Amino acid sequence: MKFAYRFSNLLGTVYRQGNLNFSKDGNSVISPVGNRVSIFDLKNNQSETLPVSTTKNIACVGLSPDGNLAILVDEDGAAVLVSLVTRAVLHHFHFHKPVSSVSFSPDGRKFVITKENVALLYHAPGRKREFNAFQLDKSFYGPYDETTCIDWTTDSKCFAVGSKDMSTWVFGAERWANLIYYSLGGHKDVVVGCFFEKDSLDLYTVSRDGALCMWESDTEPEDLKKGLRYKERKQNERQNTRGLEDDEDEEEEEVGDVGEDGERRGEVVKGSADAPKEEEGVKNVRYKQRSKQFFNKEGDFNKLTAAAFHKDTHILVTGFASGVFHLHELPEFNLIHSLSISDQRIATISMNCTGDWIGFGCSGLGQLLVWEWQSESYVFKQQGHFNNMAALAYSPDGQYIATGGDDGKVKVWNTNSGLCFVTFTEHTSSVTNVTFNSSGFVVVSASLDGTVRAFDLHRYRNFRTFTSPRPAQFSSLAVDGSGELVCAGAQDSFEIFLWSMQTGRLLEVLSGHEGPVSCLSFCPTRAVLASVSWDRTVRLWDMLDSWHAKEILRLPSDGLAVTYRPDGLELAVATLDGEISFWNAQTAAQMGSIVGRHDLQIGRKDTDKITAKQSSKGKSFNSLCYSADGESILAGGHSKFVCIYSIREQVLLKKFEISCNLSLDAMEEFLDRRKMTEFGSLSLVDEGAGDGDGVAVSLPGVKRGDMSSRHFKPEIRVSSLRFSPTGRSWAATSTEGLMIYSLDASLVFDPYDFDLDVTPVSVRRQLKRTAWSSAILLAFRLNESALIREVLEALPHDQIAVVCSTLPDVYVEKLLTFVGATLENSRHLQFYLTWAQSLLTIHGQKLKNRSGAILPTIQSLQKSIKRHHEDLSKLCDWNMYTLRYAVALSNQRGLKRPAADELSEEEDGSEEEEEDMMSEPLMIETDLLS
C-alpha cells in the first residue's frame, strides 16, 4: 500500500497533434497530448490528464454532443471509446487504416469517420449495454483521394466530406429520395474545411490555397423526403435499363458489401460525378456557387492550414502556415480582425459553444492558445518544452516544479493546477540542471552556454548570472542548505566552480577530478559537497575547511549520479555498469549495492543490430532519488521503466511503466517480423514529411521546405526523477513530458490493528455516547478517510485540546498526517488548523525526537497552510483596498473644492482615517492566520 502510486497528471506538454475540442459548457479544452488526452479547465485554471492511453499518438478526437463520451483514434486507426464522466475505457475498436477525422452527429445518435477515400457512418453507442458499441450503418464512396474533414447539418440529416482531390461531397445520413450524394468542385487545392449554415443545406468550403466557395442549395432541410434504400433504388434502375453493362455493375455491387479487411461495410453508397437519377415526382437537391472569395492578397502565397465555423454567429476562423489567423463574418465576408499568434503553422482550430473563445493548436512548438475575439485578449496561453526535458526540481514545500529543457527554457509549474506560470528564456543553449534554494523563491539553473543563472520567483527576473573565468559547459548543479553557495560542475574542464549567491563572485575552483563531473549533491545536514565523475571516483569536499576534498570513494565504473539521503547519513551512487552502491557518509564505508541493469528492460531500437537483451548489458541508471522517508530509492535511465528499490533488503519493490506509446523508439523488446523486408525494416523507410508540411525541392538560398529534413522517432528515456518533499507523489521527466505519480488513497483499504469489533456502526455508537477519543481510535483502526473525517468534524471545537492530550503516541502521527492531507481541500480552515496547533503544541517534543520520520508529514502540512495563506492574503488585501476606496469616497461626498490648501488638509485627514481603518483588518487577518 505504501507504493500504490498511480499516474495522476502530465505536465510539460499541452498539445502535440490532432484536433482540439471544447466541452459542452464551453469552459474546458480537450487536447490530445501524445497518446493521452488532457482537459484544461479555463474557468478554474486547472489541468487534468485522463488515465487512458492509446498504443500510438492520437490523430483525432471525436466528442459526443452531451460531452460524456469521446472517441480517441491513434495513427494506426485503433480507436478507444472513453467515458469522460468515469474516466474509464468502454470499448476498443480498430479501423485497420489511418483515420483523418471523426465527428458525432448533433443529435448524438450517429458518428462518421473518414479513412482513405471512404466515409463510414456508425451508430453511436447509446445508454444500452451493447456487445459491439460500434455498429456500421453505411459506407459512402465518392472522393478519389484521401478525405480531410467532416461537417454535419444542425438537424443531423446530412453531412459533408472534404477531400484532397479538391472536391466536396454531400451525403444523406438517412434514406432521402432527393439527396443521396452530391459532388461539389470549384477549388484548385486540397479542401481544408467544409461547413453547413445553421438550419440550412447551404455550404461553405475552404481550400488550402486560401479560397472560399459559397454554395447555395435549392432545397430546405424540411423538404428532404424519405425514399427507398440505395441498393433497392439501384436495382430498380437496372431493371428499367436492362443491359450487359448493368449486369456487370450489379455483380460488382454485390461483391462490394465486404471490405478488403474482411469487415462488413453495411449499406454501400457509391457516388459518381453524375447526379443520381431522379425518382418520379421527386426533384433532386441541386447546388449552385453563389460566390468565391480569396483570403490571400495579390502576390501573397500563404497556405491555409486550419479552419472553423460557428453556425450561430456566422464567424469563420481560418489559420495559416505563417501563424496568422483571420476572423470573417459570413456570408458578407467582412474581416473582423487578423492577428499573428505564432511563427509556426496553426494545426487545428476549434470554437466553443457560445462562439466567444477560439482554441488554436500549433504542433511545431507545442502551443495551445485560447483567444477571446470580442475583447481581443488571451484566455489561455501555454507552451511546453518543444525539445526534450533534461531536469526537474521540487520546491521545498512541494507546491512548484521547475523544469529545464534542451530548448534553453526554464519553466515553473504549479502542482495544484498543473499549469506553467512563468518561463525564463535567458539561456542560449540546453539547460542541464535546475534546483530550488531552501526558501523556495529562487530557481537556479545550469546550462551548456557556460552560465549558471538564478531567477527570482517574486519579480520573475534573472537577478544573478554566474560565469567561469574560462568558458565551460556546465552539466551538474547544487545549492547548499543555506542558499548561499552555488556549485556547478563542468564537463569539459573537469572542474567544480563555487560562487556566492549574495555577491555573485567566484569563490573557488575545485580541481581534482580527471573526467567530466556528472553530478553534484550537498549534504542536507552538514557543509559537505559530494561530486561524482567519469574518473570512477566520488569526492567529498568540506565547505568549512578551505574547500579541500576530505574523502575519495573509489567506484568500480564511471559515476553517473549521486544523491544524499534526507538525513544526510547515507550516500547513493549510480555507475555505468548498472549498479547502485550505498556508502556511509561519515565513515566512507560501502554499506551495500544493488545490481539493477536487468531491471531496466531496455527495448530494441529500429536501428539496433543486436537484441535488447545484449544491448541492456551496456545500460545503466542515470538518475537517482531517495524517498521522503529515506527507506527506498527511485532509479531511472534510458528505458520506459522506473524502479523503486528497498535499501534495507536491497530488492526491487515495484516497477512503473512510464509510457506504452509505440510511436516512440525502443519501446518493444523484439522487432515486429511483419515489418521486416529484404531491404530491412519498414519503419526505417522515410516517407517524407507529408503534404501538410508543404515539402518542396529546395533552391539556392531557400531555408524553408528543405527536402533533407527527415522524420525520426524519439527514443523513450527518463532523464530526471524527484520525490515530492511531502512523500505523496514523485515526478519524472521523460520523452512524453513531465509525468506525476501520486498515491491514490481513495480506493485503498489499509486497516491498522484490525479486529471484528471495529466497524462503522461501533464508531458511530461511540460518537453518540460522546466518547470522542475512543471513536477516533476506532476510526483510525478501520482507516477509512470518509469515516475519520466524519468523526473529527462531529467533535466540538472546545474539546480538541482535551482529546489531543489523551491520544496515544501511535495515533498522533496518523492524525497529523490526516489533518495535513484534509486541510488542503477542506473549507473548515480554522477547525483543522486548531487540530494541527493542538497536536504540535501538546506532542511537539515527542514529535521532534522523530523528526526524520515525520518530515514528509510536516512538509505536507506546511504546503497546505502556505496555500491557504496565499489565497487568504490576496482576499484580505482586496478587501482592504475596497474599504480604503469606500472611505475615501464617503469623505469626499458633498464636499466642494474651494482651494488647494483645504484640499491637501482633507487628503491628510483622510489618509489618517484610512490608516486607522487598515489597522483593524490587519489585526483580524493576523488573528485568523495565527
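This short presentation describes two sheets, one buried serine and the nonpolar cores of a predicted model.

Good morning, colleagues. Because the model is predicted, local features are taken at pLDDT of at least 70 and side-chain atom pairs at pLDDT 80 or more, while totals for chains, interfaces and linings use all residues. Residues are numbered from 1 along each chain as its sequence is written, and side-chain values use heavy atoms, with hydrogens and water left out.

I begin with the sheet at the N-terminal end of the numbering used here, in which β2, β3, β4 and β5 follow one another in an open, antiparallel arrangement of four strands. Strands here are DSSP runs (E, at least two residues), numbered from the N terminus, and helices are runs of H or I of at least four residues; two strands pair if DSSP finds at least two bridges between them. The edges are β2 (21–22) and β5 (46–49); each has a single partner strand, so one side of each lacks a neighbour in the sheet. Between β3 (residues 28–33) and β4 (residues 36–41) there are six bridges, and Val-33 has Arg-36 of β4 as its bridge partner.

A further open sheet has four antiparallel strands in the order β47-β48-β49-β50. Its edge strands are β47 (559–564) and β50 (590–595), each with a single partner, so one side of each is left free of a neighbour in the sheet. From one strand to the next the twist averages 20°, with axes fitted as lines to C-alpha atoms and angles running from 0 to 180 degrees between N-to-C directions. Strand β49 (residues 579–584) pairs with β50 over five bridges, and Ser-581 lies opposite Ser-593 in β50.

Next, Ser-646, in strand β53 (residues 641–646). Is this residue buried or exposed? Ser-646 counts as buried, because its relative accessibility is 7%; the cut-offs are under 20% for buried and over 50% for exposed, with partly exposed in between (1.4 Å probe, protein chains only). Setting aside residues up to four places away in sequence, Ser-646 touches Ile-594, Glu-631, Val-651 and Leu-653, where contact means heavy atoms within 4.5 Å.

Finally, the cores. A nonpolar core is a set of buried Ala, Val, Leu, Ile, Met, Phe, Trp, Tyr and Cys residues joined through side-chain atoms within 4.5 Å. The largest has 35 residues, and Ile-776, Leu-792, Leu-815 and Trp-835 have the most contacts inside it. Among the elements giving two or more residues to this core are α5 (772–782), α8 (809–823) and α11 (851–892). Beyond its neighbours within four places in sequence, Trp-835 contacts several residues, including Ile-776, Leu-792, Cys-804 and Leu-815. A second, separate core of 22 residues includes Ile-71, Leu-81, Phe-95 and Phe-111.
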